[in-house]
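Trainee: I would like to learn how to read a structure feature by feature, beginning with single residues and ending with the spaces between them. Could we go through it slowly?

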Amino acid sequence: MMRATVKRAAALALPLVLGGGCVSASEYAAKNAGFSSVEAKTAEAVGKQTVWIQSQQHARVVSDRVKTLMAKKAIDVETAVQVALLNNKGLQAAYADLGDSAADAWQSTMLVNPTVSVGLTGIGTPGLEAFKSVEGMIANNILALATRDRNIAIADTGFRRAQLNAALRTLQLASDTRRAWINAVVAWETVAQLNQAQAAADAASELAQELGKSGALTKEGQAREHVFSAELAGQTAKARLEARLAKEELTRLMGLWGSGIDYQVPNRLPQLPKGIMKRDLIEAEALQRRVDLQMAKLDLEATAKSYKLTEATRYVTDLELLTGFETERELEEGDIKRETTGQAELEFVIPIFDSGRARMRKAELAYMRAANLLAEKAVNVRSEARSAYQAYRANYDIARHYRNSVVPLRTKIEEESLLTYNAMITNTFELLADSREKVNANLLAVNAKRDFWLAEANLAPAIYGGGAGAAAGETEVAAAAEGGGGGH
């Protein structure tokens, strides 16, 4: 009897279920939902491949590829970036967030399950078998069905934003790894330069001690040479520590541990290129390609859709239609008679005290906030693009100046000082002082070359996104949308 009750109640509610429409959810349900766009954006911006590991077999394949890449004697910057995109576990967690958003969007396409209730009365009534009547009801949320398309659109916007966020995290990891490689290499190059200076300082210190024994140099002069050597030893030790820490940062970004950390980086940065790239339209490129700007646009779109949903549900926040039947059995002249009647009820909240004006105001403010943040983001993107290119051009000229002018002049001075020393015109300490000045010039040239390569590494983030500090900025925008709804 109860089975028949549920069947008949479901039949009464069937028109309501079919009235909700049908939306394909195959894209959301795919295992790699939305990841193809992340791959495409990564390939366009950095020319590297990224993967979303979702099985042990795939993990083994990726691990073997990482080992092959790390088998080089000294890894270059492109290898470091590729290893990071393949092996960084935090990036895999970001891709899991993309899958979570796809699941949410998939869930939004599903109809709300109806609530079924069955009741029995008159249980144990003599002569009427086990019960007197059975009542069945099915409750359908009419408001959920009416706003289903809007909810799907909002979830789809969130899914597209999650795709862009995964791409942004990928680009940020690539740029962070590139900068970390540059810093690690230049740190070891600095150590090499300081070691040369240390050798000269030690020689001067030993000479000063010998001259002091013979009375040819005062104690003050001896102390001056000794303290220079001691201070330089401290600077060299600090530089060596900074080099080790810089390499550790690179190791973390590449996701390496155990025997994987026994890799080497080159002892010096690459030479300056013969020319620089022309980026006369870098502002237009950034406005067209910046991922974080596209995310801000989606935030505004999602806020607008949430505003419309709030407007649609301003007065009625809960509306349910209950359909069902009641079957009664009565004992009449020894026979049991059954009578079935249909039932329909409509339940909703009467907006006597809350007219929804406060919720509408919050939705309006959320939209205004998102619109202003988008405008601010567009201004900042233009400025960041201009700044990145200006730094790129200026640092190239500065690095060339040290390479072509300062270092050659210091080398010439050292050579001339050596000639006069051999002719017994210049004393030993003057020669050592000129050698130290050349080492300082080399250090300045190394730092200038580092600044250029870092500026070059910042060009791609300025155009595509993923630069330093991008995560904090995107958190602010998202919050506004949520308010609306060598041997080294």
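Mentor: Let us begin with asparagine 87, which lies in helix α5, and keep in mind throughout that this is a predicted model.

Trainee: Is asparagine 87 buried or exposed?

Mentor: The general idea is to look at the relative accessible area, where a value under 20% is called buried. Asparagine 87 has a relative accessible area of 13%, and therefore it is buried.

Trainee: What does the side chain of asparagine 87 reach, and which residues is asparagine 87 in contact with, leaving aside its neighbours within four places in sequence?

Mentor: Its side chain reaches the backbone oxygen of methionine 254 at 3.0 Å. When the neighbours within four places in sequence are left aside, the contacts of asparagine 87 are with Val66, Met254, Gly255 and Leu256.

Trainee: Where does glutamine 92 lie, and is glutamine 92 buried or exposed?

Mentor: Glutamine 92 has its place in helix α6, which covers residues 89–108, and because its relative accessibility is 12%, it counts as buried. The side chain of glutamine 92 reaches the backbone nitrogen of isoleucine 53 at 2.9 Å, and, apart from neighbours within four places in sequence, glutamine 92 is in contact with Val51, Trp52 and Ile53.

Trainee: How should I read a pair of residues that are separated along the chain, and what is the case for alanine 239 and threonine 190?

Mentor: Compare the separation along the chain with the distance between C-alpha atoms. Alanine 239 and threonine 190 are 49 residues apart along the chain, while their C-alpha atoms are separated by 7.1 Å. Alanine 239 lies in helix α9, residues 219–254, and is in contact with Val191 and Leu194 once neighbours within four places in sequence are left aside. With 9% relative accessibility, alanine 239 counts as buried.

Trainee: Why does valine 227 count as partly exposed?

Mentor: Partly exposed is the class between under 20% and over 50%, and valine 227 counts as partly exposed because its relative accessibility is 40%. Valine 227 is also found in helix α9, and its C-alpha atom is separated by 8.5 Å from that of serine 205, which is 22 residues away along the chain. Aspartate 156, in helix α8, counts as partly exposed as well, at 23% relative accessibility, and its C-alpha atom is separated by 9.7 Å from that of threonine 109, 47 residues apart along the chain.

Trainee: Which residues have the most contacts inside the largest nonpolar core?

Mentor: That core has 91 residues, and those with the most contacts inside it are Met70, Ile75, Trp181, Leu250, Met254, Tyr263 and Val265. Helix α8 provides the largest share of this core, 22 residues.

Trainee: How is empty space found, and how many residues line the second largest pocket?

Mentor: Rolling a probe the size of a water molecule over the atoms shows where empty space is left. In this structure, the second largest pocket holds about 460 Å³ of space and is lined by 24 residues, with Glu78, Arg178, Glu456, Ala457 and Ala460 nearest its centre.

Trainee: Which helix gives the most to the lining of the second largest pocket, and of what kinds are the residues of that lining?

Mentor: Helix α8 gives the most, with six residues, and the helices that each supply at least two residues of the lining include α3, α5, α13 and α14. By kind, the lining divides into 17 nonpolar, two polar and five charged residues.

Conventions:
Residues numbered from 1 in each chain as written. Predicted model: local features only at pLDDT ≥ 70, side-chain atom pairs only at ≥ 80, totals over all residues. Heavy atoms only, no water. 1 Å grid on protein atoms, 1.4 Å probe; cavity = no way out; pocket = protein on both sides within 12 Å on 5 of 7 lines; lining within 4 Å. Points joined across faces, edges and corners; volume = space filled by probe spheres on them. Helix = DSSP H or I, 4+ residues; strand = E, 2+ residues; numbered from the N terminus. Nonpolar A, V, L, I, M, F, W, Y, C, P; charged D, E, K, R; others polar. Buried < 20%, exposed > 50% of the residue type's maximum accessible area, 1.4 Å probe, protein only. Polar contact = N/O pair within 3.5 Å; in protein donor to acceptor, adjacent residues only side chain to side chain. Contact = heavy atoms within 4.5 Å. Core = buried A, V, L, I, M, F, W, Y, C linked by side-chain atoms within 4.5 Å.
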